[in-house]
Amino acid sequence: MKLILITPDKINHSHYSILKDTLNYIDKLHIKLDENWETLILHLENINPLLNEGQRNQLAIHINEKLFANQQISHIEDALKYLQRNFDIHNLHFSENFYDVYGSIISPELYHQFNVSVSLHHLDFLEHHNHFSYVLYGPVFPSISKANYHPKLSMQEMKNKLKHIAESIEIPVIAIGGITTNNFNELIQAGFEGIALRGFIWESSHPLETLKKFTDQWQKIKDQ
């Protein structure tokens with residue numbers, strides 16, 4: 001069971017020590033920014049020295065089409081390899097839109113150099129794309145951080161889809177969207193193999209304390 005935390009769209013120096021501390025409670029920290037490539041690199045230059053090798057391996061960098069608007073695929077692949085070479089990054093996470101645009105032309109070699117995950121809004125996609133280390137699927141509940149962003153399927157429909165996926169391919173499906181301490185157990189019972197948190201943590205007044213309380217309950221469920 002994976003527990004993933006996704007950063008807010010905008011981060012600054014005040015977030016760096018908090019982000020480092022969150023790594024004590026989660027499996028992966030996804031760096032997801034609504035900013036350009038240069039700003040992403042600047043943040044990594046500030047975060048990277050704070051982390052040891054094991055903590056760097058917990059980072060996954062969200063790659064979306066905004067980072068590489070109108071760029072050639074060779075430039076994109078060189079940029080992704082730059083992350084590994086300069087920041088010891090081994091985990092990439094593709095947005096669904098990025099994969100739709102570039103997925104068919106990305107070199108297969110990249111999937112051997114990195115652990116690659118992807119965001120999905122339609123689980124049927126997985127029947128034809130089975131080379132990801134895991135997928136984020138959602139929203140599974142009404143989103144906390146995005147207005148008017150609601151699930152496309154009922155919980156029972158999600159459960160049926162997950163059962164079908166588990167019988168045909170071996171890719172963990174991680175739930176995202178509107179997850180709190182009050183509802184995450186429903187997702188485990190439905191067959192999700194992990195959850196990703198965002199709005200519940202970052203829109204609280206004390207993010208790290210909220211994460212600690214969540215992980216206390218998460219561990220109790222896992223130990224059952």
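The largest cavity holds about 40 Å³ of space, where a cavity is a set of points, on a 1 Å grid over the protein atoms alone, at which a 1.4 Å probe fits but cannot get out. Its lining is made up of I31, K32, L33, L40, H62, N64 and L67, lining residues being those with an atom within 4 Å of a point. Grid points are joined across faces, edges and corners, and a volume is the space filled by probe spheres set on the points. By this rule the count comes to one cavity of 30 Å³ or more. Rolling a probe the size of a water molecule over the atoms shows where empty space is left.

This is a predicted model, in which local features need pLDDT of at least 70 and side-chain atom pairs count only at pLDDT 80 or more, while totals for chains, interfaces and linings use all residues. Residues are numbered from 1 along each chain as its sequence is written, and side-chain values use heavy atoms, with hydrogens and water left out.

A pocket, unlike a cavity, is an open set of points with protein on both sides within 12 Å along at least five of seven lines. The largest pocket has a volume of about 760 Å³, and 36 residues line it, of which K32, K146, Y149, I176 and R198 lie nearest its centre. The elements that give two or more residues to this lining are β3, α5, β5 (115-120), β8 and α9 (199-202), and α9 gives the most, with three residues. Helices (H or I, at least four residues) and strands (E, at least two) are DSSP runs, numbered from the N terminus.

Two helices can be followed from their length to their packing. The expected span of a helix is 1.5 Å times one less than its number of residues, and the table sets this value beside the distance between the end C-alpha atoms.

| Helix | Residues | Expected span | Distance between end C-alpha atoms |
|---|---|---|---|
| α4 | 73-87, 15 residues | 21 Å | 21 Å |
| α7 | 155-168, 14 residues | 20 Å | 20 Å |

In α4 the expected span agrees with the distance between the ends. The buried residues of α4 are I76, E77, A79, L80, L83 and F87, with buried meaning under 20% relative accessible area, exposed over 50% and partly exposed in between (1.4 Å probe, protein chains only). Seen down the axis of α4, these residues fall within an arc of 160°, so they line one face of the helix; the arc is that of the directions from the helix axis to the C-beta atoms. They pack against α2 (37-47), α3 (53-56), β3 (59-63), β4 (91-94), α5 (96-102) and α6 (108-113), where contact means heavy atoms within 4.5 Å. After α4 comes D88, whose phi is positive, near 60°.

In α7, the buried residues are M158, L162 and I165, and because they fall within an arc of 60° when seen down the axis of α7, they line one face of the helix. On the other side of α7, K163 and E167 are exposed, whereas the buried residues pack against β6, β7 (173-176) and α8.

Aromatic rings form a further part of the picture. Rings of Phe, Tyr and Trp (its six-membered ring) pair if their centres lie within 6.5 Å, and planes under 30 degrees apart count as stacked, over 60 as edge-to-face and the rest as tilted. By this rule the count comes to eleven aromatic pairs. One of them is the stacked pair of Y137 and F192, with 6.5 Å from centre to centre and 15° between the planes. This pair links distant parts of the chain, since Y137 lies in strand β6 (residues 135-137) and F192 in the loop between α8 (184-190) and β8 (194-197), 55 residues apart. Both Y137 and F192 are buried.

The rings of F184 and F214 have their centres 5.0 Å apart and their planes at 50°, so this pair is tilted. Here helix α8, which holds F184, is linked with helix α10 (residues 207-223), which holds F214, the two residues being 30 apart in the chain. F184 counts as buried because its relative accessibility is 2%, and F214 counts as buried because its value is 0%. Ring pairs also link W37, F68, F94, F98 and Y102 into a cluster.
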